[in-house]
Amino acid sequence: MQEGNVERVVVPDHNRQRAQVADELAREIKRRRLAAGLSQRELATRIGYTRQYVSMTEWEDANLPSRDLVAAIDAGLDADGELMALHDQIKQKRKAARRDVSRVDTAGSADKRSECVPIGVLGPCTHPGALSEAIDFDMPLDREQIGAHLRSQRMSEHAITSLVEVTRLLAGQRQSVAPGALLGPIEAHRDTVSALFRNTSDSRLKERLGSLLGETSIVASRVWSAVGDRAMALSHCAFARKLADSMRDPVIGGVARIFESNLRSDAATLIGSDGDVIIGLRILRDAATMTDSLPPAARARIGAELAQAYAVLELDRECQDALSRAQRAVDDIDEVDRTGLFSDWDASRLLVYEGTCWLFLNKPRKAIVALDAALSTTGYGNRNVGLAAQVDLASAYNQIGELEEGCRILGETHSSLVAMGNQRGIERAHRAIERTTPWRNEQPVRALRERIRSTEIQ
């Protein structure tokens, strides 16, 4: 059924009952946070998670947060294990409720349905749903279980809401979590979405699942890129683009092109020698034809990527025009837009691009100003963005002759990237190290190269 322009799906009464068992924990976390005088963002910074994760734990009628997340919040709020104990008690209640529900015939008629939940892809998702209704994450993936739920359109639609949330949360974590740790979860999640997409015969469900499969494939592409597998990253992006085009989905199609362009150009030669900036530009121009359908964060990224490519080609005016377009798009971004693939997009992220552009336009002092400003406002949740900015900041300092500062920053940043296992970031650092060749006989550069060798041997 529909209310206005928002399509809604129905959820059985027992779904609400099982979701509500987590409400006590949600209320207690919020009560303790407020008592500590902390905002959600401040608590997130304290525990090393994004604000979206903290917000999720305070939603009522939601899934039970992970034990690791609750443990971090427990420590961050000095709860002395009380939040953990409450989490464990609620989990036992959920298991008992699940056993009770399994004895009930859920084929149900219309009179068993009571709740309406909005769903969407690359848009606000205000309710996380209850994915465990369709798939029990405490158990190994059961293909028969998925198949059984596919036979119920009602249950499959309800599961999409939670699948969207999982995609967004995984995407949001890619900037702060070691990519190797995310690769397994994102591919397992993509396999689930793919199985649902390929096995449903309902056209409306297939359209939603197809868009979600495209989005999840792009998230997986970013993680593959971070671990250094360019071929797998390109394959995932190309798959998302072709799927979106076949479904005539301009949103996923445009977003897929943004990230495929980044891979084709190897981030405008910041990363490696295999990229071709002209191919990247051509793909970006295709994405730009879809801007009317894209959210402001995606439009901002298109402008920023175009600016970076133009800077590599030393097209100063074109670079500035593209940065101006990106800034106008950034001005339109609000909190709702900063989710999933674009959770790291704001004015600070654009400053990183601006600094990189100044670096390639041989204006290192302007690069330093922009990158310092970006780093002063980039939080821990965007750690990879901050590390990329530090690599370029080091190059800028080296260009103006401040070799000690530049080599110090580059050495520390390289060590952090190695510790995270971020191969794409390591490659970016290696390119920056190559740029120190004119000063290879200077002591700071010799010390830097020795530090890099010893770090990589370890």
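# Why the labels fit

User: Why does S217 count as buried?

Analyst: S217 has 0% relative accessibility, and buried means under 20% relative accessible area, with exposed over 50% and partly exposed in between (1.4 Å probe, protein chains only). So S217 is buried. Bear in mind that this is a predicted model, where local features need pLDDT of at least 70, side-chain atom pairs count only at pLDDT 80 or more, and totals for chains, interfaces and linings use all residues. Residues are numbered from 1 along each chain as its sequence is written, and side-chain values use heavy atoms, with hydrogens and water left out.

User: Where does S217 lie, and what does S217 touch?

Analyst: S217 is in helix α10, residues 203-226. Helices here are DSSP runs of H or I with at least four residues, strands are runs of E with at least two, and both are numbered from the N terminus. Leaving aside residues up to four places away in sequence, S217 touches R190, H236, F239 and A240; a contact means heavy atoms within 4.5 Å.

User: What makes the L213 and S217 pair a polar contact?

Analyst: A polar atom of the S217 side chain sits 2.8 Å from the backbone oxygen of L213. The limit is a pair of N or O atoms within 3.5 Å; within protein, one must be able to donate a hydrogen and the other to accept it, and residues adjacent in sequence count only if both atoms are side-chain atoms. The 2.8 Å of this pair fits the distance limit.

User: Why is D344 called buried?

Analyst: D344 has a relative accessible area of 1%, so the buried label fits. D344 is in the loop between α16 and α17 (347-360). Not counting residues up to four places away in sequence, D344 touches R174, Q175, R349, N382 and V385. Another feature is its spacing from G172: their C-alpha atoms are separated by 7.4 Å, although the two are 172 residues apart along the chain.

User: What makes R31 and E28 a salt bridge?

Analyst: A salt bridge is a side-chain nitrogen of Lys or Arg within 4 Å of a carboxyl oxygen of Asp or Glu. The closest N and O atoms of R31 and E28 are 2.7 Å apart, so the pair meets that cut-off. Both residues are in helix α2, three residues apart, or about one turn of the helix. R31, at 46% relative accessible area, is partly exposed, while E28 is among the buried residues of α2.

User: How do you know that the length of α2 is right for a helix?

Analyst: The expected span is 1.5 Å times one less than the number of residues. With 13 residues (23-35), α2 should span 18 Å, and its end C-alpha atoms are 18 Å apart, so the two agree. Just after α2, G37 takes a positive phi of about 70°.

User: Which other side chains meet in salt bridges?

Analyst: R408 and E405 do, at 2.8 Å from N to O. They are three residues apart in helix α20 (residues 403-420), which means about one helical turn between them. Both are partly exposed, R408 at 36% and E405 at 28%. R453 and E450 also pair up, at 3.0 Å. Those two are in helix α22 (residues 443-457), again about one turn apart. Elsewhere, salt bridges that share partners join E28, R31, R32 and E82 into one network. The whole structure has 17 salt bridges.

User: Why is α19 described as largely enclosed?

Analyst: Of its 17 residues, 14 are buried, so the rest of the structure largely encloses α19. Helix α19 (residues 383-399) reaches 25 Å from first C-alpha to last, close to the 24 Å expected. Just after α19, G401 takes a positive phi of about 90°.

User: What makes I278, L313 and L315 a nonpolar patch?

Analyst: Patch residues need over 30% relative accessible area and no salt bridge; like charges are joined within 9 Å, and nonpolar side chains (Val, Leu, Ile, Met, Phe, Trp, Tyr) within 5 Å. L313 is partly exposed at 34%, so L313 clears the 30% bar. L313 is in the loop between α15 (296-312) and α16 (316-331). The patch covers about 220 Å², with areas from the Shrake-Rupley method using a 1.4 Å probe; for residues, only the protein chains shown count as cover.

User: What does the chain as a whole contain?

Analyst: It has 22 helices and three strands. Buried residues make up 54% of the 458 residues.
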